[in-house]
Amino acid sequence: MYTKFKCNGCDRKTEFLWLEQLDTPEGFKAYQCMECGCVGVKNIAEALHIPDSNLDRCKQCGGWQFLGSGCHTCALIWAK
C-alpha cells in the first residue's frame, strides 16, 4: 500500500509513490502520482491518513505541521 495525498497535478486524492532516490529537505519527500504521473515534493504532514487531531497550521507561514514539532516549511525557509 502506498501513501495517499491530494495531487497537485490532477487534484485527485490518490496513492503516491515516494521517489527515495531524490534528495529532499527534512519533512518533505519527492513523489510521483500513481494516477497522472505528476512528480513533485510534498510536506509529509499533508498525508491523508494522518488524523487532523495530530496536525495544526504554522502561525508564521500557514504550512501544515505535526503537533509538538517545529514547522518543516519555516525551517526550510530560514535555512537559506
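**Exercise 1. Identify the residues that lysine 42 touches once its neighbours within four places in sequence are left aside, and decide whether lysine 42 is buried or exposed.**

Solution. Once the neighbours within four places in sequence are set aside, lysine 42 is in contact with Phe5, Lys6, Asn8, Phe16, Gly27, Phe28, Lys29 and Tyr31. The structure in which these contacts are found is a predicted model. The next step is to place the residue, and lysine 42 turns out to belong to strand β4, which covers residues 39-43. For the last step, the cut-off for a buried residue is a relative accessible area under 20%. Lysine 42 has a relative accessibility of 5%, and therefore it counts as buried.

**Exercise 2. Describe the setting of glutamine 65: its secondary structure element, its burial, and the backbone atom that its side chain reaches.**

Solution. Begin with the element, which is strand β6, made up of residues 64-66. Then turn to accessibility: glutamine 65 counts as buried because its relative accessibility is 14%, where the limit for that class is under 20%. Next, follow the side chain of glutamine 65, which reaches the backbone nitrogen of cysteine 71 at 3.4 Å. Finally, list the surroundings, with neighbours within four places in sequence left aside: glutamine 65 is in contact with Ala45, Asn54, Leu55, Asp56, Arg57, Cys58, Gly70 and Cys71.

**Exercise 3. Classify glutamine 60 and isoleucine 77 as buried, partly exposed or exposed, and relate each to a residue elsewhere in the chain.**

Solution. Take glutamine 60 to start with, which sits in the loop that joins β5 (55-57) to β6. Its relative accessible area is 64%, so glutamine 60 is exposed, given that this class begins over 50%. Beyond its neighbours within four places in sequence, glutamine 60 is in contact with Cys74 and Trp78. Its C-alpha is 24 Å from that of glycine 40, a residue 20 positions apart from it in sequence.

Isoleucine 77, for its part, is located in helix α1, residues 72-78. With a relative accessible area of 48%, isoleucine 77 is classed as partly exposed. Between isoleucine 77 and methionine 34 there are 29 Å from C-alpha to C-alpha, while the two are 43 residues apart in sequence.

**Exercise 4. Locate aspartate 11 and state what is notable about the sign of its phi angle.**

Solution. The location comes before the angle here: aspartate 11 lies in the loop between β1 (3-6) and β2 (13-18). Phi of aspartate 11 is near 65°, and this is a positive value in a residue that is not glycine.

**Exercise 5. Assemble a picture of the whole protein, and explain why its radius of gyration agrees with that of a compact globule.**

Solution. The first step is the order of elements, since the protein contains one helix and six strands, arranged along the sequence as β-β-β-β-β-β-α. The second step is size: a compact globule of 80 residues would have a radius of gyration near 12 Å, and the value for the protein is 13 Å, which agrees. The C-alpha trace spans about 35 × 30 × 20 Å along its principal axes.

The third step concerns burial and surface. Of the 80 residues, 29% count as buried, and the protein exposes about 5400 Å², with carbon and sulfur atoms supplying 52% of that area. As for contacts with a separation of 6 or more, 23% are between residues 24 or more positions apart. The final step is charge: the protein has 9 positive and 9 negative charges, and their mean positions are 5 Å apart.

Definitions and conventions. Residues are numbered from 1 along each chain as its sequence is written. This is a predicted model: local features need pLDDT of at least 70, side-chain atom pairs count only at pLDDT 80 or more; totals for chains, interfaces and linings use all residues. Side-chain values use heavy atoms; hydrogens and water are left out. Helices (H or I, at least four residues) and strands (E, at least two) are DSSP runs, numbered from the N terminus. Buried means under 20% relative accessible area, exposed over 50%, partly exposed in between (1.4 Å probe, protein chains only). A polar contact is a pair of N or O atoms within 3.5 Å; within protein, one must be able to donate a hydrogen and the other to accept it, and residues adjacent in sequence count only if both atoms are side-chain atoms. Contact means heavy atoms within 4.5 Å. The radius of gyration is taken over C-alpha atoms; the globule rule is 2.2 Å times the number of residues to the power 0.38. Accessible areas come from the Shrake-Rupley method with a 1.4 Å probe; for residues, only the protein chains shown count as cover. Lys and Arg count as positive and Asp and Glu as negative; His and the chain ends are not counted. The place of a charge is taken as NZ of Lys, CZ of Arg, CG of Asp or CD of Glu.
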